[in-house]
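Here are some short exercises with worked solutions. Take a look at the structure, try each task yourself, and then follow the steps.

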Amino acid sequence: MRLWHKDLIKVLPRQQLLSQYRECIAIISKINKVGNPQHALVNKIMDFPAYHFYSYTYMVVKEMRLRGYKVKD
């Protein structure tokens with residue numbers, strides 16, 4: 001699980017942007033199930049307020065919509 005820097009979201013190629021969305025969904029799912037992802041590349045998320053990750057996920061969704069991709073809410 002890897003998250004790209006927020007400044008790169010708008011320049012990510014299609015496949016990487018869609019993968020980033022899937023990563024966000026997977027992280028959210030894992031947090032909802034066990035409370036902590038316990039993954040070396042994602043554990044830093046837990047060091048910050050939840051709204052930071054929410055904002056990041058929103059940025060990914062917003063970019064997907066700008067490109068005309070349909071995103072389920």
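**Exercise 1.** Find out whether R67 is buried, partly exposed or exposed, and which residue R67 meets in a salt bridge.

*Solution.*
Step 1: Start with the cut-offs: buried means under 20% relative accessible area, exposed means over 50%, and partly exposed is in between (1.4 Å probe, protein chains only).
Step 2: R67 has a relative accessible area of 27%, so R67 is partly exposed.
Step 3: The side chain of R67 forms a salt bridge with that of E63, at 2.9 Å from N to O. A salt bridge here is a side-chain nitrogen of Lys or Arg within 4 Å of a carboxyl oxygen of Asp or Glu.
Step 4: E63 counts as buried because its relative accessibility is 13%.

Before going on, note that this is a predicted model, where local features need pLDDT of at least 70 and side-chain atom pairs count only at pLDDT 80 or more, while totals for chains, interfaces and linings use all residues. Residues are numbered from 1 along each chain as its sequence is written, and side-chain values use heavy atoms, with hydrogens and water left out.

**Exercise 2.** How many salt bridges does the structure hold, and what is the state of K6 and D7?

*Solution.*
Step 1: The count of salt bridges is 2.
Step 2: One of them joins the side chains of K6 and D7, with 3.1 Å from N to O.
Step 3: K6 is partly exposed because its relative accessible area is 44%; D7, with 45%, is partly exposed.

**Exercise 3.** Describe how α1 and α2 cross, and where Q20 and T57 fit in.

*Solution.*
Step 1: Helices are DSSP runs (H or I, at least four residues), numbered from the N terminus.
Step 2: The axes of α1 and α2 (residues 50–66) come within 10 Å and cross at roughly 145 degrees. Axes are lines fitted to C-alpha atoms, for helices over the stretch in contact, with angles from 0 to 180 degrees between N-to-C directions.
Step 3: Q20 belongs to α1 and is buried because its relative accessibility is 2%. Not counting residues up to four places away in sequence, Q20 touches R2, L3, W4, Y56 and V60; contact means heavy atoms within 4.5 Å.
Step 4: T57 lies in α2 and, at 10% relative accessibility, counts as buried. Leaving aside neighbours within four places in sequence, T57 is in contact with C24 and I28.

Definitions and conventions: Helix = DSSP H or I, 4+ residues; strand = E, 2+ residues; numbered from the N terminus.
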